[in-house]
Amino acid sequence: MAEVTTLASGLGMGESARWHGNELWFADWIAGTISALDANGDVRRVAAVPSFPISFDWLPDGRMTVVSGADGTVLLEVPNAGLVPVADLRGISEFPWNEIAVHPSGNIYVNGIGYDYSGEMQETGVIALIGQDGSVQKVADGLAFPNGMLVSGDGATLVVAESNAGRLTSFRIREDGGLDPEGTWASMEGSAPDGICWDGSGGIWFAEVPGERCVRVRQGGEVLQTVQLEHGCFSCAAGGDDGGLLFMMTAQWPEAMDPAADSTGRVMGLRVK
């Protein structure tokens, strides 16, 4: 049986794992950076981001778009200029913004938790749509701490992890980019799903911090596989040459949020079916 291995260490708190261009890309929320890990185990810093939460995805033309969460700003990679602001989300919510997912059309979805981290848990999370024309509008609300978010390959469905509700929730994506609620994609009562990724066969992997694990589920909630870890798992991505390598971002929680604490963040890898 394959074993979990450490692919990189010494990170502050790794998040937003993405397989892109034959490399694993991730954000380090403590360092305020986006980096890429290649097949040789070398990590290269790609960009610095003003504030966390940090999340990123790529437009159809290949340019990277980035969330600077506390600033409520979405940045766009511009040749010879770096990351420049393209959208201000503070008119929709003054609270931190979190995950991003780009639609094949070029529309951009960004979710926000809708309340102060230090406050009482609330179901006030939102999803904003940034249109191809630069317009910004709210397309969903009432979410319980929206976290990881995905768009299906056919562009028809958006799935978001609601960490405080223990579920993955789906929306039908309209032609105009709006969202129609479809209900619960998978109920995972007692869990707190964080980052998510497709498993390559219609299922979803979700990372979980309090459970210190990564879980693969089928639509409807059937658990297909569980990977138990030593530390909290914040994000995951399926990749590798054949898509059969699962990358998991882990760190000690809540110590990882203390910049003065030891850097326990790691990239873990596991060969999966």
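**Exercise 1. In which loop is the place of Asp199? Then describe its surroundings.**

Solution. This is a predicted model, in which local features need pLDDT of at least 70 and side-chain atom pairs count only at pLDDT 80 or more, while totals for chains, interfaces and linings use all residues. Residues are numbered from 1 along each chain as its sequence is written, and side-chain values use heavy atoms, with hydrogens and water left out.

Step one is to place the residue: Asp199 sits in the loop between S18 and strand S19 (204-208), where strands (E, at least two residues) are DSSP runs numbered from the N terminus. Step two is accessibility: Asp199 has a relative accessible area of 11% and is therefore buried, a word that stands for under 20% relative accessible area, with exposed over 50% and partly exposed in between (1.4 Å probe, protein chains only). Step three is to list its contacts, meaning heavy atoms within 4.5 Å: not counting residues up to four places away in sequence, Asp199 touches Ile204, Trp205 and Arg216. Step four is to look at its polar contacts (a pair of N or O atoms within 3.5 Å; within protein, one must be able to donate a hydrogen and the other to accept it, and residues adjacent in sequence count only if both atoms are side-chain atoms). The side chain of Asp199 reaches the side chain of Arg216 at 2.5 Å and the backbone nitrogen of Ser201 at 2.7 Å.

**Exercise 2. Work out the order of the strands in the open sheet of 4 strands.**

Solution. Begin with the order, which is S18-S19-S20-S21 with antiparallel pairing; two strands pair if DSSP finds at least two bridges between them. Strand S18 (193-198) and strand S21 (223-228) are the edge strands, each pairing on one side only. Next, consider one pair in detail: strand S20 (residues 213-217) is joined to S21 by 5 bridges, and Val215 has Thr226 in S21 as its bridge partner.

**Exercise 3. Find the strands that supply the largest nonpolar core.**

Solution. A nonpolar core is a set of buried Ala, Val, Leu, Ile, Met, Phe, Trp, Tyr and Cys residues joined through side-chain atoms within 4.5 Å. The largest one has 17 residues, and those touching the most other members are Trp25, Ile34, Val49, Ile54, Phe56, Met64 and Val66. Strand S3 (23-28), strand S4 (33-37), strand S6 (54-58) and strand S7 (64-68) each supply at least two residues of this core, and S6 gives the most, with 3 residues. To see one member from within, take Ile34, whose contacts beyond four places in sequence include Trp25, Phe56 and Val66.

**Exercise 4. Examine the salt bridge between Arg271 and Asp242.**

Solution. A salt bridge is a side-chain nitrogen of Lys or Arg within 4 Å of a carboxyl oxygen of Asp or Glu, and by this rule the count comes to 14 salt bridges. In the chosen pair, the N to O distance between the side chains of Arg271 and Asp242 is 2.8 Å. Arg271 belongs to strand S24 (residues 265-271) and Asp242 to the loop between strand S22 (232-239) and strand S23 (245-251), so the pair ties together parts that are 29 residues apart in sequence. As for accessibility, Arg271 is partly exposed at 44%, whereas Asp242 is exposed at 59%. Elsewhere, salt bridges that share partners join Arg172, Arg174, Asp176 and Asp180 into one network.
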